[in-house]
Amino acid sequence: DYAGTMGLVQWKSMGKRLFHRLGASLLERGICSSAGKEGMRLTLGGSVGMDPERFDEAKLIIIWGTNPIVSNLHLWTRVQEARRRGARIIAIDPYRSLSAEKCTEHIAPLPGTDAALALAMMHVIIGENRHDRDYVARYSLGFDALAERVQEYPPDKVAAITGVPAGRIVQLARAYASTRPAAIRLNYGMQRYAGGASAVRTITCLPALTGAWREAAGGILLSTGGWF
């Protein structure tokens, strides 16, 4: 029992009635998104993110592990508007979805390797001094430990893990670090495997590292449930 179409009848009514009739005293409804939300909470402090209505102002949008044409149509219209304004849209997804087909570029890592790809991106960003030192110093914790950790994930090594060529990883990292505003849209597919929460947590470090949060149309979005 969970959200379905997110309508009040399916989400808030029928499931509870059924389980009440069966005599259940408590219904745990969180297996769909718990891991990803926890990964985001550990990094950002809550289930929060950038305003989804500002995506059309971004100059670079990474659609990471989501197929918004099918599952997030109201966001997809804003992504398309951003593209009409000249934004670069990159899909990161093992599957060439309908959304990936319509993006500027599609990068297809092997399933379950999203965290490794993000670590390699940060290896490049930090190694080439492309991170926002001022933002990191003012508004983040743990940079030194992260910088040490990403040394274990150079693009050549991660290419073997992810199946994404090293050169393409470098290009992705440079594009993300050099384009403002830059927005990332995650979804719950990547958190449905072992280590999924850590994958979300790792990817969520990217906008802090580059200072993408400085712009209203920059940052990352998994869930805004914390706002609600």
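1. Isoleucine 62 of strand 1 has isoleucine 90 as its bridge partner in strand 2. The model is predicted, and this pair belongs to a parallel pairing of strand 1 with strand 2 (residues 88-92) that comprises 5 bridges. Within the same two strands, leucine 60 is placed opposite arginine 88.

2. Strand 1 also pairs with strand 4 (residues 182-186); the two run parallel and are joined by 5 bridges. Here isoleucine 61 faces alanine 183 of strand 4. Strand 1 is thus described by two sets of bridges, one to strand 2 and one to strand 4.

3. How many residues of strand 1 (residues 60-64) are buried? The count is 5 of 5, and the strand is accordingly listed as mostly covered. Both of its faces are covered: one side carries Leu60, Ile62 and Trp64, the other Ile61 and Ile63, and each of these residues is buried.

4. Strand 2 has 4 of its 5 residues buried, and is therefore largely enclosed by the rest of the structure. Besides its pairing with strand 1, strand 2 runs parallel to strand 3 (residues 105-107), to which 3 bridges connect it. In that pairing, isoleucine 107 of strand 3 is the bridge partner of isoleucine 92.

5. Threonine 162 deserves a separate remark. This residue lies in helix 9, which covers residues 155-162. Its relative accessible area is 0%, and the cut-off for a buried residue is under 20%, so threonine 162 counts as buried. Once neighbours within four places in sequence are set aside, threonine 162 is in contact with Ala108, Pro109, Leu110, Thr113, Ala116, Leu117 and Ile169.

6. Methionine 122 may be read alongside it. Helix 6 (residues 114-127) contains methionine 122, and the residue is buried because its relative accessible area is 0%. Leaving out residues up to four places away in sequence, methionine 122 touches Gly127, Leu146, Val150, Thr202, Cys205, Leu206 and Leu209. A separation of 15 Å lies between the C-alpha atoms of methionine 122 and glycine 219, which are 97 residues apart along the chain.

7. On the overall fold, the chain holds 11 helices and 5 strands. Is the radius of gyration in agreement or at odds with that of a compact globule? A compact globule of 228 residues would have a radius of gyration near 17 Å, and the chain has 18 Å, so the two agree. The C-alpha trace spans about 60 × 40 × 35 Å along its principal axes.

8. Burial and contacts can be stated for the chain as a whole. Of its 228 residues, 47% count as buried. Taking contacts between residues at least 6 apart in sequence, 74% join residues at least 24 apart.

9. The last point concerns surface and charge. The chain exposes about 11,600 Å², of which carbon and sulfur atoms supply 54%. There are 28 positive and 20 negative side chains in the chain, and 5 Å separates the centres of the two sets.

Conventions: Residues numbered from 1 in each chain as written. Predicted model: local features only at pLDDT ≥ 70, side-chain atom pairs only at ≥ 80, totals over all residues. Heavy atoms only, no water. Buried < 20%, exposed > 50% of the residue type's maximum accessible area, 1.4 Å probe, protein only. Contact = heavy atoms within 4.5 Å. Pairing = 2+ DSSP bridges. Rg over C-alpha atoms; globule rule 2.2 N^0.38 Å. Areas by Shrake-Rupley, 256 points an atom, 1.4 Å probe, with all protein chains shown as cover. Lys, Arg positive; Asp, Glu negative; His and termini not counted. Charge placed at Lys NZ, Arg CZ, Asp CG, Glu CD.
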